[in-house]
Amino acid sequence: MLKLLHRTPVRSFSALLVRLRVPAALAALAVGLMAIAQQPASQDMPPSQPAQPAAQAASAAPAQDSTAAPAQAPQADAPAQSPAAPAEPAQPAPQQPAAPAQNTQSSEPSAPGQQGGITEDQLRQMLVGKQLYLRGRYLDDSLSFNEHGVLTGHSVQGSYTLCLVQIDKVHITKHKVELIGARYGLHFLGALPYEDPTKAVDQVKITPKKKVLHITIDREVVVKPKKVKNKEKGKDARATAAKGAPGTAAPAADSEPSEPTDADETKAEIAAAPAEERPADPNSITTTTSPAHATQVLKDALEKIFAPGLDEQMMASMPEFWKLYYQAAAAKTDFRPKDPSVLMQNTVDTKAKLLTTFEPGSNEYAQSGGVAGMALYHAVVSPDGKVSEVAVARPIGFGLDENAVAEIEKAKFSPAVKDGKPVPVMLDLVVEFRIYSKRTAATGTTEQAAKPAAPILPGPYSVEHPPQPTATQAQQ
């Protein structure tokens with residue numbers, strides 16, 4: 001019998017009793033006692049926690065052997081161990097994903113995109129006390145720009161010599177930047193083209209007392225990032241509820257568009273803000289979740305509005321006669337006409353002569369600042385007696401050169417003649433600017449003296465003014 005058992009393995013304890021031909025009653029009693037003896041061992045396994053640290057401290061190979069052992073255990077033990085096996089991994093599973101989810105939400109405000117917002121102190125360091133040019137050459141003392149540096153409304157434009165500004169105060173609100181300063185005019189002191197014009201220029205404050213230059217620039221609005229993860233969870237919850245109750249699917253879809261967008265919230269916030277803090281162009285305001293992006297938009301707007309000096313962009317926007325002046329100054333030479341066939345006055349048989357008399361008008365800035373004197377200009381007279389090219393030789397500034405060039409271009413000349421033919425020629429024109437008063441206005445022609453003498457002060461360049469008394473001279 002022992003040999004039979006050795007050759008044929010016994011699969012269970014009950015089968016062993018059958019083979020030993022034990023009576024059924026005794027066999028049932030033995031199986032019951034065996035099951036009772038195994039229950040304390042199976043119940044003690046889950047609460048015994050010291051077994052887990054020992055399994056973690058052991059190597060990977062023994063851990064696999066220990067798990068393989070219960071797999072080969074008798075089938076009678078399987079019902080007792082199967083509920084306990086999933087209970088152990090189920091405890092850490094819900095806790096591990098919960099911790100990182102809380103960390104991601106708390107780290108959103110301190111993300112890199114939330115840093116970099118500009119402050120008033122930073123703007124003061126960039127602007128206050130520095131003299132800048134208005135690129136647009138705007139002459140109004142109250143200017144408003146949108147967040148991209150584009151002027152809102154309208155302003156008269158004039159000479160760059162009247163658009164030097166100095167910022168004295170900076171104030172930032174959520175929707176715009178407010179700059180307070182003064183305007184300065186450039187008065188040239190008679191530098192020749194081959195001299196440095198920046199060393200022969202006087203900067204005169206032209207903003208009246210008790211008045212200021214007021215500039216506002218709209219800002220891109222920074223909004224808090226919305227919690228997208230919570231929305232996704234809400235969508236999942238609604239989708240789960242919709243499976244159990246199909247009738248709730250339509251209301252869930254209709255409820256999503258009811259949430260206000262960033263643009264709607266920004267418009268409502270702007271409408272509720274005080275009038276002095278509202279942007280100049282509310283319709284063009286954009287939103288962002290990154291203060292660094294809003295700062296860059298503001299810096300780009302400042303670069304578009306102001307120029308720290310006469311850079312390439314500033315020079316490109318100037319009239320041609322100013323370009324020729326600065327090109328000659330950079331080359332330290334005198335003006336040269338574009339056409340090389342243009343002759344000088346002293347090389348022709350008959351010189352060109354001015355047929356019309358004129359005196360370019362002044363403006364309110366020069367009159368209030370007491371700017372007067374003479375300026376020199378080069379003019380190229382074509383064979384038909386018209387002026388084809390003008391360049392500044394010795395400017396006066398304060399916007400008076402623009403008036404002089406406009407009058408020179410309209411002047412009529414008798415053409416120069418060489419060998420019996422009209423030829424192009426370059427000549428120099430000296431223009432005198434005066435300060436007008438009742439005393440100077442009374443001096444003029446007989447017909448003008450008979451009329452009531454009343455001084456006329458020209459306005460901005462966009463307004464045409466009556467011709468002033470003539471004082472133009474021609475140099476040979």
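## Lys410 and helix 17

Lys410 is exposed, with a relative accessible area of 59%; here exposed means over 50% relative accessible area, buried under 20% and partly exposed in between, computed with a 1.4 Å probe on protein chains only. The side chain of Lys410 meets that of Glu407 in a salt bridge of 3.6 Å, N to O, a salt bridge being a side-chain nitrogen of Lys or Arg within 4 Å of a carboxyl oxygen of Asp or Glu. Both residues belong to helix 17 and are 3 residues apart, about one turn of the helix. Glu407 is partly exposed, at 26% relative accessible area. The model is predicted: local features need pLDDT of at least 70 and side-chain atom pairs count only at pLDDT 80 or more, while totals for chains, interfaces and linings use all residues. Residues are numbered from 1 along each chain as its sequence is written, and side-chain values use heavy atoms, with hydrogens and water left out.

Helix 17 covers residues 400-410, and its buried residues are Leu400, Asp401, Glu402, Asn403, Ala404, Val405 and Ile408. Helices (H or I, at least four residues) and strands (E, at least two) are DSSP runs, numbered from the N terminus. The buried residues of helix 17 pack against two helices, helix 15 (320-331) and helix 16 (364-369), and against strand 12 (373-381), strand 13 (387-394) and strand 17 (425-433). Contact here means heavy atoms within 4.5 Å.

## Ser159 and Glu402

Glu402, one of the buried residues of helix 17, has a side-chain partner in a loop. A polar contact of 2.8 Å joins the side chains of Glu402 and Ser159. A polar contact is a pair of N or O atoms within 3.5 Å; within protein, one must be able to donate a hydrogen and the other to accept it, and residues adjacent in sequence count only if both atoms are side-chain atoms.

Ser159 is found in the loop between strand 2 (142-145) and strand 3 (164-172). Its relative accessibility is 2%, so Ser159 counts as buried.

## Glu432 in strand 17

Strand 17, one of the elements that the buried residues of helix 17 pack against, contains Glu432. Glu432 is partly exposed, with a relative accessible area of 29%. Ile396 is 36 residues from Glu432 along the chain, and the C-alpha atoms of these two residues are separated by 9.8 Å.

## Strand 3 and strand 4

Gln166 lies in strand 3. The side chains of Gln166 and Asp168 are joined by a polar contact of 3.4 Å. Not counting residues up to four places away in sequence, Gln166 touches Gly129, Lys130, Gln131, Gly181, Ala182 and Tyr184.

Strand 3 and strand 4 run antiparallel and are joined by 8 bridges; two strands pair if DSSP finds at least two bridges between them. Val165 stands opposite Arg183 in strand 4. The link along the chain is a hairpin, which joins strand 3 to strand 4 through 3 residues.

Strand 4 (residues 176-188) has 12 of its 13 residues buried, so it is largely enclosed by the rest of the structure. Strand 4 also pairs in the antiparallel sense with strand 6 (residues 213-218), over 6 bridges, and with strand 5 (residues 201-205), over 5 bridges. Lys176 stands opposite Asp218 in strand 6, and His187 stands opposite Asp202 in strand 5.

## Salt bridges around Arg135

Side chains of opposite charge can pair when their charged atoms come close. A search of the whole structure finds 8 salt bridges. One of them is between the side chains of Arg135 and Glu303, at 3.2 Å, N to O. Arg135 lies in the loop between strand 1 (131-134) and strand 2 and Glu303 in helix 13 (residues 291-305), so the pair ties together parts that are 168 residues apart in sequence. Arg135 counts as buried at 8% relative accessibility, whereas Glu303 is partly exposed at 44%.

Arg135 also meets Asp311 in a salt bridge between side chains, at 2.8 Å, N to O. This pair links distant parts of the chain, 176 residues apart, with Asp311 in the loop between strand 9 (306-307) and helix 14 (312-316). Asp311 is partly exposed, with a relative accessible area of 26%.

## A further network

Glu120, Asp121 and Arg124 are linked in a network of salt bridges.
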